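Walk through this structure with me, one region at a time. We will look at helices, packing and charge.

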Amino acid sequence: MRSLLRTKAWITPFLALFVALPASARQGDEDEGSSDASSEDSEDEDEEGAERWFAVVGGDVHDGFGGVLRGATLLAKNGKINEIGYDLYLPEGTDELDATGYQIWPGLVSVTSSGLFGGTSSLEDTVDPFGSSMILALGGGVTSAVQSDQAAKLKRGEIKGVVMRSNVFASLSYSNSDPRSKAALEEKFKNAAAYRRKYERWQVKVKKDKELKEPSKKGVDSTTLDVLLGRTRGKFSADSRTDLLGIARLAQKYGFRPVIEGCTEGWTVADELGRAGAFVIMTPRDRRTKSEELARDGGSSIENAAILHRAGVQVAIVPATTSVSLGGITGRDIMHLPVEAGFAIRGGLPEQAALEAITLVPARLMGVDHRIGSLEVGKDCDLIITDGDVLHYQTFVQWAVVEGKVAYDKEEELFFAHIRPRPEAALAPEVKVDPGETLEKEPVEDEEPTDEVSDEDEDEDEEKPDNDPDDEDPDDSDESR
Amino acid sequence: MNPTLCFLALAATASSALPATSSRGLLAIRVDRAETVAHGTLEHAVILIENGKIVMIGEDLPIERGIPILDIPEGWIAVPGLVNCYSRVGMDGDGPGDSQPQLLASAALYPAAEAYAKILEAGITTLGLYPPGNGIPGQAVAVRPMGETAESMIVADSVYLKIILSASKASKKRLHSGFQKLDEYLEKEAKNREKWEDAQEKKKKKKKSSKKKDDDEDDEKKDDEKKKNGDDGSEKDDDEKKDDKKDDEDDVYVPLELSPELKAFKDLRDGSLEALVSISSSADYLHFLDALGEEEITWSLRIPLTRDIDIFMVAEKIGEEGCRVVVEPELTLQPGTMRQRNIVAELARAGAKPVLIPRSDDLDSQKHWMRDTGELVAAGLDWELALRAMTLEPAELMGLADRLGSLEEGKDANLLFLNGNLFEPGTTIEGVMLEGEFVYGEVNQ
């Protein structure tokens, strides 16, 4: 946090300027000055000099594909990763975060979620970037999630650029328990496929004969057509072996990659699903009893994820509850996404695949893997900094960074600050949540002295050279693995 | 109410107990201390009142012989009459949940409401009454809580436009589309005007050319065609006459009709109408700014302080705006804890201008407004700021700072007399003066 403070000090004169402006402008009836200031203020960091640099220094950078750069520096410019490596030149004014001794991972991605963004339907107009669910999800390492078929980022304090992609999924039903809708869907795909053939033929012909009319879309279901054209992904909810087989065959027949949610019996038909190029959204702890009437394999298996992965299925993992839940048994909600992935490892899924199941695969599923899901130059600077292996149950997220801005700091939030506080934080006086409450005029209130002390202390830290012995904590990361 | 007023006036002339008015309408008030709000504290203040206005105020002013003097008891103080700019006292009914920016709260005034007498007792000499409903319910009116008719109550109409904004598509669209429609109108209007101007020019040209034509024809003077020409000429003359008549009508450009809804948005943009935007969370504030976009209007915020509101998240941003924030004197809790936060003080520190209103519209809250504000003062809010937030700041919000809100020369003589220090428990309002007349309390010489 010392590094953050440094940048704050740099920004302050600018802010002061903005504050001064409206105050003087308000005196007159004109509000030009103030509203000008407002528009600049809202994006102050992006506007100033047009370049915003952020660096995580000294941590072990896990790129998300299995590669690790120990003690490396990750530099981001305007929210995009600019460089990862050693001895990087940090431009003046870079917001530095010292992560020495910590592990850096791609921000986790939850392919389904509810309630994290506060809003319901169109997130751009409804998101609550201050909600406690968002803080808690960030505390669980989640930096992106799908809600109401919109792929969105857990940006704190900002409402712009929250939605990365809308219409991520098209929910389809293709189940033996509902033969009528099953037949209807088959029919829709048939029509859509016929249209696609016509359309493709037209595309070739129109190059020669420009007068040729586009084939009519009459009677063609737009959703299924979008699925066939790859504009959205068809998502099925299915668990039983027979349903899964049906979906795999449907997908192969019409040539699209199905997304299957649930898939508890997937391990029994893993090869077929693999051949269909299926994506699976699953919860390794989901349970389903075998139907005893049937002689063949069935029911759930702890090995499900591992078997599906071996068969070439893209496995994305979500917890049993995809919202932040403060009731019932802990460890099953979205704050424990990595723990859920840990259960798949228990069933034989390689650790790397388990990490990808909560980062890269969901990003791919959402069609935003060019922006998130791994730490690569050019991608968004969405990352989490942990005190250990991200898949280990003991690990805490220390910081979550979204687009090059610290969105969560364990020590700053009320929730987990008291559990194994960071060494440097343990030495510093307690940080009050409520710094606004102190009065400069009359130092009567009891909160005041501690606040000032903490400020001073941090300032002192700032002046010290960066080799603080407490920052090294060599044990912390290794111990947990 | 009026009878009591008359009685008071009579009593004043009959005895010296309440010399509220004299033959010259002059009255000098001597008080130990006066909080002027605008110019700090005056010790041994003399306030000279004439015809309901303060004509002079200062420390130890000499008082001309013959002017009746009212000596306020020792230890008492005088403060400006309180201004509650956000209220529905004495009004009833529900409003539409839609965009009705043209509606006026003044249309629904109910002067006979009994509540107003009590409001005066609570020291509130000016009320800002807003229209009911959700969305954009309409424009508020400033009234004095006294009078038999709506006209006699109204101090000023259209003092602000109330807008309720929440983080929803419909709510944001309501504000955004209002300005959008106004733009469409202005574009249409500009086109229409252009068309009219073109037509006007054409006519001028036509006139000139037709005159020339006539001249030429006259010059030709062909006997055979003379008759025909004559006929044509006469016809043309008729036409020209008609054209002239039309021209006379068209000379003054009549703009396209502007609907009252759009008029409100136009006033907002012009700055002749201010907006009071009601939000209930930090997210709402960001969404409001987003919905407003590039639009430059003058706005204040209304933030109902609920128990664990998260508005402190954007306190700095609001402070940078330096805007007014209408809030109740409430201490809130840090969400998820029992730790108190003084958001009003935080907002003030950040640079916003707090405007206080009673905790609710019921009479108890109105009565205990000063006491409730005292709680905030005890919790760290600057007392001068607190008093300002109950008087001058709301007056400024309603654009009435030239008449109300402080003890200054030329302003309305709205005064309160308190029997002790401000914001101290036990201090009560002993007298209320509305525009030079005592409307509550017995203040003996």
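B:Gly351 follows helix 9 of chain B, and its phi is positive, near 120°. The model is predicted, and this backbone feature is read from it. The helix before B:Gly351 spans residues 343-350. Of its 8 residues, 7 are buried, so helix 9 of chain B is largely enclosed by the rest of the structure. The buried set runs B:Ile343, B:Val344, B:Ala345, B:Glu346, B:Leu347, B:Ala348 and B:Ala350. A charged residue, B:Glu346, is among them.

Now turn to helix 7 of chain B, residues 282-292. This helix is mostly covered, with 10 of its 11 residues buried. Among the buried residues are B:Tyr285, B:Leu286, B:Phe288, B:Leu289 and B:Leu292. B:Ser282, B:Asp284 and B:His287 are buried too. Just after the helix comes B:Gly293, with a positive phi of about 60°.

Next, the packing of nonpolar side chains. The largest nonpolar core holds 161 residues. Within that core, B:Trp299, B:Leu301 and B:Ile318 touch the most other members. There is also a second, separate core of 20 residues. Its members include B:Leu27, B:Ala34, B:Leu42 and B:Leu415.

Charge pairs come next. How many salt bridges does a search of the whole structure find? The count is 43 over all chains. Three pairs in chain A repay a close look.

Start with A:Glu340 and A:Arg285. Their closest N and O atoms are 2.9 Å apart, and the two form a salt bridge. The pair links distant parts of the chain, 55 residues apart. A:Glu340 sits in helix 11 of chain A, residues 337-346. A:Arg285 lies in the loop between strand 13 and helix 10 of chain A. Is A:Glu340 buried or exposed? A:Glu340 has a relative accessible area of 0%, so it counts as buried. A:Arg285, at 29%, is partly exposed.

A:Glu265 and A:Arg288 form another salt bridge, with closest N and O atoms 3.2 Å apart. Here both partners lie in loops. A:Glu265 belongs to the loop between strand 12 (259-262) and helix 9 (270-275) of chain A. A:Arg288 belongs to the loop between strand 13 (279-282) and helix 10 (304-310) of chain A. The partners are 23 residues apart in sequence, so the pair ties those parts together. A:Glu265 is buried, at 7% relative accessibility. A:Arg288 is partly exposed, at 32%.

The third pair is A:Asp226 with A:Arg231. Their closest N and O atoms are 3.0 Å apart in this salt bridge. What is the relative accessibility of A:Asp226? The value is 24%, so A:Asp226 counts as partly exposed. A:Arg231 is also partly exposed, with a relative accessible area of 48%.

Salt bridges can also share partners. In chain A, such sharing joins A:Lys80, A:Lys153, A:Lys155, A:Glu158, A:Arg371, A:Asp380, A:Asp382, A:Glu403 and A:Lys405 into one network.

Finish on the surface. Which residues gather there in a patch of positive charge? They are A:Arg197, A:Lys198, A:Arg201 and A:Lys205. A:Arg201 is placed in helix 6 of chain A, residues 179-205. Its relative accessibility is 49%, so A:Arg201 counts as partly exposed. An α-helix has 3.6 residues a turn, so residues three or four places apart point the same way.

Definitions and conventions:
Residues are numbered from 1 along each chain as its sequence is written. Chains are lettered from A and ligands numbered from 1 in the order in which they are written. This is a predicted model: local features need pLDDT of at least 70, side-chain atom pairs count only at pLDDT 80 or more; totals for chains, interfaces and linings use all residues. Side-chain values use heavy atoms; hydrogens and water are left out. A salt bridge is a side-chain nitrogen of Lys or Arg within 4 Å of a carboxyl oxygen of Asp or Glu. Buried means under 20% relative accessible area, exposed over 50%, partly exposed in between (1.4 Å probe, protein chains only). Helices (H or I, at least four residues) and strands (E, at least two) are DSSP runs, numbered from the N terminus. A nonpolar core is a set of buried Ala, Val, Leu, Ile, Met, Phe, Trp, Tyr and Cys residues joined through side-chain atoms within 4.5 Å. Patches are made of residues with over 30% relative accessible area and no salt bridge: like charges are joined within 9 Å, nonpolar side chains (Val, Leu, Ile, Met, Phe, Trp, Tyr) within 5 Å. Accessible areas come from the Shrake-Rupley method with a 1.4 Å probe; for residues, only the protein chains shown count as cover. Lys and Arg count as positive and Asp and Glu as negative; His and the chain ends are not counted. The place of a charge is taken as NZ of Lys, CZ of Arg, CG of Asp or CD of Glu.
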